Structures are given as C-alpha cells and as structure tokens.
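Reader: Hello! I am new to this structure and would love a close look at a single part of it. Could you pick one helix and walk me through its surroundings?

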Amino acid sequence: MLDHEQVAIHTGRRSRLAVIVAVHSTALGPAAGGLRLWHYPDWRDGLTDALRLSAAMTSKFAVAGLPSGGGKTVVVLPEGIKLDAGRRRDVLRDVADVIDSLGGAYATGPDVGTGPDDMALIGETTPHVFCRPARLGGSGDSSPHTAQGTLAALRAVSRRLYGTASLADRSLAVVGLGRVGAHLARLLAAEGAALTVTDIDPDKRSTADELNAVWRSPDEILAANVDILVPAALGSVLTRQTVAELRCRTVVGPANNQLATPDVADLLHHRGIIWVPDYVASAGGVINAISTELHHVSADEAHARVRAIEDTVDDLLDTAQRCGQTPAQAAGELAMRRLRAASDGANSPTPPLRAAVPGDGENMALLDADR
C-alpha cells in the first residue's frame, strides 16, 4: 500500500530511460526534492529509492517547519551506461517534461548525479526547479548550505555530550568526500576537529592530505574509535552488523537514508549511540534553496533557517530524553503532528493514487492503488 499522492513513471521520449517522479505529500505546500541520476539493476530499484527519498523529504520539511511537501525524481541508468553530453541533455529534457506535466505540484533540484547547470537546462522547459546557477538568478550549489546545516546539527549534539558547541579537538570520521562531505570536512578542520576520512574514490586522498586528516579505507572507517561518525555518502550505511561494530558516541551526517532498516535506530539507541535523523541533519541545502527560490525570502532569512537546525536538534534531543524515545521517534512524531495540523479535509475520502508503470509505450499504462 503506497502512502504517496502521485507517482509518475515514464519512459523518456528522447532518452528511452525510466523517469520516476514521486510526490509523497503536498499537505504543507507544493512538494520539492532532488533529481537523482543513478545506476540501478532494475527500474523497480529506482522506484523504491524514489518512494523512500520522497517520504524522507516530507519529514525533512515538516520537522524544519517549512511550507513544502516531499517529492523526488529518479532517472534509472542501466548498469554500465555512461551518458554522453547529448544523451544527458535528452534525459534532462525528459525529466522537465514530466515535472511540467504535474502543474506545480512538485519542483526539483540537484541530488546525486546532478547539479545547478542541469537545473538550468530543466528550467528552460518548466519553472518548477530550484538550485539553478547563481548567474541565472538561482541559489546555485546547495552543498555548502547542506554542510552548514550539518555543522549546526553537530554543534547541538556536541553541546549535549560535552557541554560545549565547539568541535575543537573532537574526533570525527567523515565517510564520503563528495561535494557535501568535502565541504563539511573543511568546515570541521577549520573548527579544529581531528578528522579521519574516506571515500570510494582513492583520488580523494588528496583532500585528506590537504586537511591533515587520517585516511582510512571505506571498509575500516565505520569501526574507527572517534567521538562522532559523519555519514556523507550514499545510504544504508547503518546496518545491524555495522552498528555492532561502531565505537563512536553519536552518528550525525548529511547522507540520505542512512538506516538500512528502520529498526536500526533502536539498535543505536540500545547501544547508547545518539543518531540524529538524516533528514534533519541534511536539510540545510534544500532549506536554503527553496527558501530563496520558491518561498522568496531574503538570503539572511534563508541562512537563519539553516542555522535553526541547531535549535531543532536541541529540541528533538530534549523531547527524546524527556519521553524516553529515540531522536528518530521524536522527529517522526513532530513531523506527523505538523502534517495532521496542515491537512484540511483529513477525514474526507482520498482519491486513488494513479501511478504510471513501465510498459512498451512512451507513457505507460496507469494503475490505481489504494492509498
């Protein structure tokens, strides 16, 4: 049973690749979420990713108190396929067509495999896009703001554990040195933190050298003896097995979908390890982008919203301690309260979800699914 308002799946007219747009909720306002270009064994794996990520976006905006709902776009790249410039343009134009067909119910921005220049191309077809380049009036690369928001969450946890928001002399292991991870690592180094880092790309070792950080292999770093583990790559890094091997006091990072399964949050809690939900810690980039481009607030107000992640984490940790909950439970309940409060007609019948699923045509057969 799907808990989504809309799921559209099309075979791109130009690219012939599966384009999936999942709109989880518009209870708080039009949905927003990133465009992920990634390799999947099967289109259904891309659909699973889109459903999970869009639901997480709803929680992200609800906990942050923003008037937006959650959505996500996934383009399923077959294993081994590399897009040349021409086919990449075709993919992005296909994505733009699907988003525009939703009539403003959803706007997209960058995610894994995409960036501001891609949003500029999509913006040639539809206005429902954010994080376009600054030269075109957009908010540009969201990575620095995502890193700043994660730093705010780290400060809240540091205050809880050590009595000070300062991260000087704290030991942190950063897993992943992509755009967000590298920017965050530089912020942490500037704070005086002692860093251990890794990435699946061995060329990123030069970043470790630049920051005077210890380099560990991806297989070793999760068990590093550090104060804070910072997942900053792809998801599902926290499993039953890896949690048993952790030697940190807390896990706070910008990677999405860090838990392999929801029950892993309980395992962390039972081990006495504080886990700040990823959709809280990673919210800075999208908060800044939609605040400036979709909500049209000033840059100062947008930055204040990003910094407020520190207060949000403080409140969640207070609630969790007071109620004997995990931070994940406290965040989930806060999100649900805000969604219920925003839902005008919550007791009225909900129309069936209409999802297009892959077949032989350009736009595939529609199925009805009960909500």
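Author: Happy to! One term first: a residue is called buried when its relative accessible area is under 20%. Please also keep in mind that this is a predicted model.

Let us take helix H14, which runs over residues 327–342. H14 has 16 residues, and from its first C-alpha to its last it reaches 23 Å, close to the 22 Å expected at 1.5 Å a residue. Which residues of H14 are buried? They are Pro327, Ala330, Ala331, Leu334, Ala335 and Leu339. These residues sit on the same side of H14, because the arc they cover around the axis is only 165 degrees.

What does that buried set pack against? Its partners are helix H1 (43–64), strand S11 (274–275), helix H10 (278–281) and helix H13. Two of these partners, H1 and H13, are worth a visit.

We can begin with H1. The axes of H1 and H14 are 8 Å apart, and the two helices pack at an angle of about 80 degrees. H1 is therefore roughly perpendicular to H14, since angles from 65 to 115 degrees count that way. On the H1 side of this contact you will find Thr58, Ser59, Ala62, Val63 and Ala64. On the H14 side are Ala331, Leu334, Ala335, Arg338 and Leu339. Sorted by class, the contact of H1 with H14 has seven nonpolar residues, two polar ones and one charged one. Ala331, Leu334, Ala335 and Leu339 are names you have already met as buried residues of H14.

Now for H13, which spans residues 309–323. A good residue to look at in H13 is valine 313. Is valine 313 buried or exposed? Its relative accessibility is 1%, so valine 313 counts as buried. Setting aside residues up to four places away in sequence, valine 313 touches Ala153, Ala156, Val157, Val276 and Val280. Val280 falls within the range of H10 (278–281), the helix listed above as a partner of the buried residues of H14. Ala153, Ala156 and Val157 fall within the range of helix H4 (143–162).

H13 also has a helix beside it along the chain, H12, with residues 299–307. H12 and H13 pack with their axes 4 Å apart, at an angle of about 25 degrees. Why are H12 and H13 called roughly parallel? The label applies because angles under 35 degrees count as roughly parallel. In this contact, Arg305, Val306 and Arg307 of H12 meet Ile309, Glu310 and Asp311 of H13. By class, the contact of H12 with H13 has two nonpolar and four charged residues, with no polar ones. One distance may help you find your way here: the C-alpha atoms of valine 313 and serine 298 are 24 Å apart in space, while the two residues are 15 places apart along the chain.

To gather the picture: the buried residues of H14 share one side of the helix, and that set packs against H1, S11, H10 and H13. H1 lies roughly perpendicular to H14, while H13 is roughly parallel to H12. If you turn the model, try starting from Leu334 and Ala335, which are buried in H14 and also take part in the contact with H1.

Definitions and conventions: Residues are numbered from 1 along each chain as its sequence is written. This is a predicted model: local features need pLDDT of at least 70, side-chain atom pairs count only at pLDDT 80 or more; totals for chains, interfaces and linings use all residues. Side-chain values use heavy atoms; hydrogens and water are left out. Axes are lines fitted to C-alpha atoms, for helices over the stretch in contact, and angles run from 0 to 180 degrees between N-to-C directions. Angles under 35 degrees count as roughly parallel, over 145 as roughly antiparallel, 65 to 115 as roughly perpendicular and the rest as oblique. Contact means heavy atoms within 4.5 Å. Ala, Val, Leu, Ile, Met, Phe, Trp, Tyr, Cys and Pro count as nonpolar, Asp, Glu, Lys and Arg as charged, and the others, Gly among them, as polar. The expected span of a helix is 1.5 Å times one less than its number of residues. Buried means under 20% relative accessible area, exposed over 50%, partly exposed in between (1.4 Å probe, protein chains only). The arc is that of the directions from the helix axis to the C-beta atoms.
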